[in-house]
Amino acid sequence: MQVTFSIQRYDSSKDTKPYRQKFKLEVEPTDRILDCLDRIKWDFEGSLTYRRSCSHGICGSDAININGKNMLACQILIQDIKKKFIRIDPIPGMPIIKDLVVDTTDFFTKYEVVKPYLIAKNPPPKERYQSQADRAVIDESVNCILCGACTSSCPSMWGNPNYLGPAAMLKAYRFAFDSRDEAPAEHLEAIDTSDGVWRCHTIFNCVEACPKEINLTWHISQLKKKMVEREL
Ligand code: SF4
Ligand code: FES
């Protein structure tokens with residue numbers, strides 16, 4: 001079947017504003033969007049620029065906006081889109097460097113704020129053991145691949161670019177609720193601000209965008225609950 005791809009182009013080093021370029025491709029329903037981008041680049045337009053690495057939903061580098069929704073190009077098949085016109089844009093809310101490649105500096109700077117690492121004073125005798133029940137508490141949050149699809153789709157972040165964003169909140173949860181972490185308060189204090197957890201207005205866009213099906217809103221609600229309990 002033939003599908004038309006309308007792709008946003010923009011090179012911040014020379015273009016004054018973004019423009020669109022269309023490509024018609026013969027595709028199979030089981031082709032992935034990433035395969036189609038590769039064919040467009042290899043066969044028609046070598047200057048088309050996008051990120052990719054693992055091609056298997058693990059590295060998080062190829063988050064793009066497909067027909068208005070943030071997704072991973074390597075996870076979505078033509079048959080998932082159910083349209084013969086596919087509009088491809090960079091994920092919103094982040095500066096564009098070139099075509100579909102956005103500048104993630106701000107995203108990762110905000111991620112660093114929550115101290116995204118296990119805080120423990122002493123090394124363990126052998127390993128840091130954790131019961132299955134304790135592991136289950138962080139099970140979902142550990143699956144985040146830092147693709148940025150959630151934060152980029154968040155209206156609270158569009159309205160206030162200082163908001164740390166759902167991905168950073170999830171990471172705060174991942175360590176604050178880890179039974180092996182000895183300083184959960186340090187992760188919580190980093191987000192107990194007007195640009196932190198309280199900026200989440202439970203809009204659920206992040207949940208819809210997450211390619212790992214992580215319920216970010218639930219995790220953020222647990223952070224809010226923990227903070228309120230702390231203050232009582
Ligand atoms: S929570 Fe989901 S959407 Fe957000 S960065 Fe992690 S994997 Fe991507
Ligand atoms: S290329 Fe790694 S997640 Fe898609």
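These are my notebook entries on one helix, the nonpolar cores and the cysteines of a predicted model.

**Ground rules.** I number residues from 1 along each chain as its sequence is written, and chains are lettered from A, ligands numbered from 1, in the order in which they are written. Because this is a predicted model, I note that local features need pLDDT of at least 70, side-chain atom pairs count only at pLDDT 80 or more, and totals for chains, interfaces and linings use all residues, while side-chain values use heavy atoms, with hydrogens and water left out.

**Helix α10.** I looked up α10, residues 216-231, whose 16 residues reach 23 Å from first C-alpha to last, close to the 22 Å expected (1.5 Å times one less than the number of residues; helices are DSSP runs of H or I, at least four residues, numbered from the N terminus). Its buried residues (under 20% relative accessible area, 1.4 Å probe, protein chains only) include Leu216, Ile220, Leu223 and Met227, and among the elements covering them are α7 (166-176) and α8 (184-191).

**Cores.** I then took the largest nonpolar core (buried Ala, Val, Leu, Ile, Met, Phe, Trp, Tyr and Cys residues joined through side-chain atoms within 4.5 Å), where, of 44 residues, Phe5, Ile7, Ile33, Leu37, Ile86 and Ile88 touch the most other members. Helix α1 (residues 33-44) gives this core its largest share, five residues. Apart from this core lies another, of 19 residues, with Met227 among them.

**Cysteines.** I found zero disulfides, taking a disulfide as a pair of cysteine sulfur atoms within 2.5 Å. Cysteine 147 counts as buried because its relative accessibility is 14%.

Technical notes. Helices (H or I, at least four residues) and strands (E, at least two) are DSSP runs, numbered from the N terminus. Buried means under 20% relative accessible area, exposed over 50%, partly exposed in between (1.4 Å probe, protein chains only). Contact means heavy atoms within 4.5 Å.
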